[in-house]
Every structure is written in structure tokens, then in C-alpha cells.
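Below are some notes on the helix packing and on a few individual residues. They are set out as numbered points, to be read alongside the model.

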Amino acid sequence: LIGTDARDVKRSFAPKTLDQLKRLLKLLHEKNNETAVVTAIDLQGGSGAEQSQEDPDVDYLFFVLDRFSSKEDTMKSIKDFVKMLFVLMLSRTLKLQKSRTKTLRLIEWFEVASSKIQMQSDAIQPHIQDVLRQINQHILSAAQENAELQDKALADKLHAAFTELREKANRAR
């Protein structure tokens, strides 16, 4: 499975899925991190588009995240508006996870991306309050649907990152 911890699984993919994965690899090879993140979000269904039903278990977001060398370096190459969308997608993805490892990795990405968003950006200001409401809803849903978030340490880590993001947004008003 692409984007999972199963490294030795052999299977075939639909041609369209292979094309999309090749496209992501090309973007990553070209160090076009921002477009790789946006494309992965789109392919995952994050832009409102439906995720492909041919290979619904392909996790395009983790496919991209697994190939970045450093969270901090990756965030340096991504504009604030895309970071905001990325944080939104991460919060949405949390409720779908069944793996402790993947839940922790999503929270770690959430922490780093949230901390790097510059709230004073003109691209962020008109959208941030609505996005924060959506993130809050996703986190509340994830707390009920993702058993891993019953772990107090993980839940506290996520809550602290979201609280800091919200406070940063309020300071920038």
C-alpha cells in the first residue's frame, strides 16, 4: 500500500494512480515541495474533489510526506496560504487514521506547519477564522473517531498546537 508502513507489499495499481504517483515523484525530485503538497491534497480529495475510487487505499499525502527530508526545511519552501490548507488537510486526515505511528506523524506535521504560518499574510487574513473553525471541527471529530487520540499525550500535543495556532491568529487580527 502506498503511504503505509507495509514496505514489502506487492500489488498492481490502476494506470491513473501510477501516473499520479509518478507526477508526485517528479515534483519531489524537482524540489517543488509546494506543488507536491497541493497536488497530494487535491488527489486525496482535500480540495473538494472526490478521491479516486480505483485505488482508494493510496494515501497521496503520506506518499509525499514520507519523501520529505525535514519538516522545517519543507515548510520554508511553502507559502503561508498553502501551509494553511496543509494544516486544514492534516486535521481532516487525523480522523481517518487507525495507526498510532501515522497519527503521531500527522500531529508532528501539524505542529511544524502551524508554527511556521505567518498570520499577517494578506493571503491568510480573509480565510483564517473560517479555516480555524473547520480545523476545530475536524479535531473534535478525530477525537471521537481516532482511538489513538484517546492517548492523553497525543491529544495534549495536538491541542497545544491548535491552541497556539488559534492564539497566533487572534494576535494578528
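1. The model is predicted. Glutamine 20 is a convenient place to begin: leaving aside its neighbours within four places in sequence, glutamine 20 is in contact with Leu43 and Tyr60. Glutamine 20 belongs to helix H1. With a relative accessible area of 11%, glutamine 20 falls under the 20% cut-off and is therefore buried.

2. Lysine 31 sits in the loop between helix H1 (15–29) and helix H2 (33–43). Its phi is near 65°, a positive value in a residue other than glycine. Because exposed means over 50% relative accessible area, lysine 31, at 66%, counts as exposed.

3. Two packed helices are described by the angle between their axes and the distance between the axes. For H5 and H7, the axes come within 7 Å and cross at roughly 20°. Angles under 35 degrees count as roughly parallel, so H5 and H7 are roughly parallel to each other. The contact involves Met84, Val87, Leu88, Ser91, Arg92 and Leu94 on the H5 side, and Ile128, Val131, Gln134, Ile135, His138, Ile139 and Ala142 on the H7 side. The crossing of H5 past H7 is left-handed.

4. The axes of H5 and H6 come within 9 Å and cross at roughly 155°. This angle is over 145 degrees, which means that H5 is roughly antiparallel to H6. H5 passes H6 in a left-handed crossing. From H5, the residues that meet H6 are Asp80, Lys83, Phe86, Val87, Leu90, Ser91, Thr93 and Leu94. Their counterparts in H6 are Thr103, Leu106, Ile107, Trp109, Phe110, Ala113, Ser114 and Lys116.

5. What span should helix H8 (residues 152–171) have at 1.5 Å a residue? Its 20 residues should span 28 Å, and the end C-alpha atoms are 28 Å apart, so the two values agree. At the N-terminal end of H8, aspartate 151 acts as a cap, with a side-chain oxygen 2.8 Å from the backbone nitrogen of alanine 153.

6. Which residues of H8 are buried? They are Leu154, Leu158, Ala161, Phe162, Thr163, Leu165, Lys168 and Ala169. The elements that cover these buried residues include helix H5 (80–94), helix H6 (100–116) and helix H7 (128–145). H5 thus has a part in covering H8, and it also meets H6 and makes contact with H7.

Conventions: Residues are numbered from 1 along each chain as its sequence is written. This is a predicted model: local features need pLDDT of at least 70, side-chain atom pairs count only at pLDDT 80 or more; totals for chains, interfaces and linings use all residues. Side-chain values use heavy atoms; hydrogens and water are left out. Helices (H or I, at least four residues) and strands (E, at least two) are DSSP runs, numbered from the N terminus. The expected span of a helix is 1.5 Å times one less than its number of residues. Buried means under 20% relative accessible area, exposed over 50%, partly exposed in between (1.4 Å probe, protein chains only). Contact means heavy atoms within 4.5 Å. A polar contact is a pair of N or O atoms within 3.5 Å; within protein, one must be able to donate a hydrogen and the other to accept it, and residues adjacent in sequence count only if both atoms are side-chain atoms. Axes are lines fitted to C-alpha atoms, for helices over the stretch in contact, and angles run from 0 to 180 degrees between N-to-C directions. Angles under 35 degrees count as roughly parallel, over 145 as roughly antiparallel, 65 to 115 as roughly perpendicular and the rest as oblique. A crossing is left-handed if the near helix is turned anticlockwise from the far one by less than a right angle, and right-handed if clockwise.
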